[in-house]
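Hi,

Here is the structure I promised to pass on. Have a look at it first, then read my notes below.

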Amino acid sequence: LQSKRALACCCYELRLWYTVQHLRVPELIVSDCDATFENACFIARLPMLQRLRVECETHFQVLDVVQCRGLPRLKLGTLGAPSALFLGFLISKGECSLRFADGITIRNIKGLRESPNVTFSETFSATDFAALLGPL
(Lines give C-alpha, C1' and ligand atoms only; values in the text may rest on other atoms or scores of the structure.)
Protein backbone atom coordinates (compact mmCIF):
# COMPACT_ATOMS: atom_id res chain seq x y z
CA LEU A 1 0.00 0.00 0.00
CA GLN A 2 2.77 2.43 0.87
CA SER A 3 4.60 1.74 -2.41
CA LYS A 4 1.44 2.33 -4.43
CA ARG A 5 0.82 5.58 -2.57
CA ALA A 6 4.39 6.71 -3.31
CA LEU A 7 3.99 5.93 -7.01
CA ALA A 8 0.73 7.85 -7.13
CA CYS A 9 2.49 10.88 -5.67
CA CYS A 10 5.19 10.77 -8.37
CA CYS A 11 3.15 10.25 -11.52
CA TYR A 12 -0.13 11.89 -12.52
CA GLU A 13 -1.30 8.96 -14.68
CA LEU A 14 -0.57 6.45 -11.94
CA ARG A 15 -2.39 8.69 -9.47
CA LEU A 16 -5.51 8.68 -11.62
CA TRP A 17 -5.37 4.92 -12.16
CA TYR A 18 -4.62 4.15 -8.53
CA THR A 19 -7.27 6.48 -7.19
CA VAL A 20 -9.99 5.07 -9.40
CA GLN A 21 -8.98 1.41 -9.08
CA HIS A 22 -8.07 1.19 -5.41
CA LEU A 23 -9.16 4.16 -3.36
CA ARG A 24 -12.66 4.92 -4.61
CA VAL A 25 -13.99 1.45 -3.85
CA PRO A 26 -16.30 0.50 -0.97
CA GLU A 27 -14.04 -2.37 0.15
CA LEU A 28 -10.28 -2.15 0.54
CA ILE A 29 -8.02 -5.17 1.09
CA VAL A 30 -4.80 -4.70 3.07
CA SER A 31 -2.23 -7.12 4.43
CA ASP A 32 -0.63 -7.19 7.85
CA CYS A 33 2.55 -5.58 6.47
CA ASP A 34 0.41 -2.56 5.52
CA ALA A 35 -0.35 -1.91 9.20
CA THR A 36 1.78 1.19 9.66
CA PHE A 37 0.96 4.51 11.27
CA GLU A 38 0.98 6.35 7.92
CA ASN A 39 -1.17 3.80 6.10
CA ALA A 40 -3.72 3.60 8.91
CA CYS A 41 -3.99 7.39 8.99
CA PHE A 42 -4.38 7.48 5.20
CA ILE A 43 -7.02 4.74 5.10
CA ALA A 44 -9.07 6.42 7.83
CA ARG A 45 -9.45 9.48 5.55
CA LEU A 46 -10.78 7.58 2.51
CA PRO A 47 -14.26 8.98 1.87
CA MET A 48 -15.85 6.02 0.06
CA LEU A 49 -14.55 3.25 2.34
CA GLN A 50 -17.28 1.04 3.81
CA ARG A 51 -15.42 -2.19 4.56
CA LEU A 52 -11.78 -2.91 5.33
CA ARG A 53 -10.48 -6.44 4.85
CA VAL A 54 -7.27 -7.32 6.69
CA GLU A 55 -5.80 -10.47 5.15
CA CYS A 56 -3.96 -11.81 8.19
CA GLU A 57 -6.96 -11.49 10.50
CA THR A 58 -8.54 -14.78 11.55
CA HIS A 59 -11.52 -13.70 13.68
CA PHE A 60 -12.72 -10.45 12.09
CA GLN A 61 -11.63 -10.58 8.49
CA VAL A 62 -13.78 -7.61 7.48
CA LEU A 63 -14.20 -4.41 9.48
CA ASP A 64 -17.46 -2.65 8.71
CA VAL A 65 -16.22 0.94 8.74
CA VAL A 66 -19.65 2.58 8.78
CA GLN A 67 -20.83 0.41 11.66
CA CYS A 68 -17.62 0.85 13.68
CA ARG A 69 -17.82 4.62 13.40
CA GLY A 70 -21.48 4.66 14.44
CA LEU A 71 -21.45 2.37 17.47
CA PRO A 72 -21.31 3.93 20.95
CA ARG A 73 -19.27 1.02 22.36
CA LEU A 74 -16.66 -1.24 20.76
CA LYS A 75 -14.80 -4.26 22.10
CA LEU A 76 -11.37 -5.32 20.87
CA GLY A 77 -11.73 -8.90 22.09
CA THR A 78 -9.71 -11.23 19.86
CA LEU A 79 -8.91 -8.65 17.21
CA GLY A 80 -5.31 -8.82 15.99
CA ALA A 81 -2.88 -5.91 16.32
CA PRO A 82 -2.91 -4.96 12.59
CA SER A 83 -6.70 -4.77 12.54
CA ALA A 84 -6.72 -2.90 15.86
CA LEU A 85 -4.36 -0.29 14.41
CA PHE A 86 -6.71 0.36 11.50
CA LEU A 87 -9.74 0.32 13.81
CA GLY A 88 -8.13 2.87 16.14
CA PHE A 89 -7.63 5.31 13.29
CA LEU A 90 -11.10 4.68 11.87
CA ILE A 91 -12.75 5.61 15.18
CA SER A 92 -10.25 8.29 16.22
CA LYS A 93 -12.64 11.19 15.52
CA GLY A 94 -15.59 9.53 17.26
CA GLU A 95 -16.91 9.61 20.79
CA CYS A 96 -17.34 5.91 21.49
CA SER A 97 -16.05 3.81 24.35
CA LEU A 98 -13.48 1.12 23.65
CA ARG A 99 -13.20 -2.06 25.74
CA PHE A 100 -9.71 -3.50 25.57
CA ALA A 101 -8.61 -7.08 25.00
CA ASP A 102 -8.53 -7.86 28.74
CA GLY A 103 -12.32 -7.45 28.79
CA ILE A 104 -12.20 -5.11 31.81
CA THR A 105 -10.56 -1.83 30.84
CA ILE A 106 -12.75 0.71 29.04
CA ARG A 107 -11.55 4.05 27.66
CA ASN A 108 -13.54 6.88 26.14
CA ILE A 109 -12.06 7.83 22.76
CA LYS A 110 -12.94 11.52 23.11
CA GLY A 111 -11.31 11.59 26.54
CA LEU A 112 -8.13 10.04 25.13
CA ARG A 113 -7.95 12.70 22.42
CA GLU A 114 -8.43 15.59 24.84
CA SER A 115 -6.44 14.39 27.84
CA PRO A 116 -2.78 15.41 28.00
CA ASN A 117 -2.04 12.70 30.58
CA VAL A 118 -2.79 9.14 29.55
CA THR A 119 -1.96 6.25 31.85
CA PHE A 120 -1.40 2.74 30.59
CA SER A 121 -2.02 -0.46 32.45
CA GLU A 122 0.65 -3.14 32.71
CA THR A 123 -1.84 -5.62 31.31
CA PHE A 124 -2.26 -3.79 27.99
CA SER A 125 -1.52 -5.99 25.00
CA ALA A 126 -0.08 -5.10 21.61
CA THR A 127 -3.65 -4.97 20.32
CA ASP A 128 -4.60 -2.40 22.96
CA PHE A 129 -1.63 -0.16 22.17
CA ALA A 130 -2.29 -0.44 18.43
CA ALA A 131 -5.92 0.63 18.89
CA LEU A 132 -4.84 3.60 21.02
CA LEU A 133 -2.50 5.07 18.39
CA GLY A 134 -5.33 6.56 16.36
CA PRO A 135 -7.02 8.60 19.08
CA LEU A 136 -3.74 9.68 20.63
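Strand E5 (residues 97–99) runs parallel to E4, and three bridges join the two. If you want a spot to find in the viewer, Lys-75 stands opposite Arg-99 in E5. Keep in mind that this is a predicted model.

These strands belong to an open sheet of three, in the order E4-E5-E6, and the pairing is mixed. E4 (73–75) and E6 (106–108) each have a single partner strand, so one side of each has no neighbour in the sheet. From one strand to the next, the twist averages 20°.

Now the aromatic rings. How many aromatic pairs does a search of the whole structure find? It finds three. In one of them, the ring centres of Phe-100 and Phe-124 are 4.8 Å apart with the planes at 50°, so the pair is tilted. Phe-100 sits in the loop between E5 and E6, and Phe-124 in the loop between H6 (109–114) and H7 (126–132), so the pair ties together parts 24 residues apart in sequence. Phe-124 also makes an edge-to-face pair with Phe-129, at 5.6 Å centre to centre and 70° between the planes. Together, Phe-100, Phe-124 and Phe-129 form one aromatic cluster.

Buried or exposed? Phe-100 is buried at 0% relative accessibility, and Phe-124 is buried too, at 8%. Phe-129 is partly exposed, at 37%.

Last, a pocket. The second largest one has a volume of about 190 Å³. Its lining has 15 residues, with Phe-89, Leu-90, Ile-91, Ser-92 and Lys-93 nearest the centre. By class, that lining has eight nonpolar, three polar and four charged residues.

Cheers

Key. Residues numbered from 1 in each chain as written. Predicted model: local features only at pLDDT ≥ 70, side-chain atom pairs only at ≥ 80, totals over all residues. Heavy atoms only, no water. Pairing = 2+ DSSP bridges. Helix = DSSP H or I, 4+ residues; strand = E, 2+ residues; numbered from the N terminus. Axes fitted to C-alpha atoms, helices over the stretch in contact; angles between N-to-C directions. 1 Å grid on protein atoms, 1.4 Å probe; cavity = no way out; pocket = protein on both sides within 12 Å on 5 of 7 lines; lining within 4 Å. Points joined across faces, edges and corners; volume = space filled by probe spheres on them. Nonpolar A, V, L, I, M, F, W, Y, C, P; charged D, E, K, R; others polar. Phe/Tyr/Trp six-rings, centres within 6.5 Å; stacked < 30°, edge-to-face > 60°. Buried < 20%, exposed > 50% of the residue type's maximum accessible area, 1.4 Å probe, protein only.
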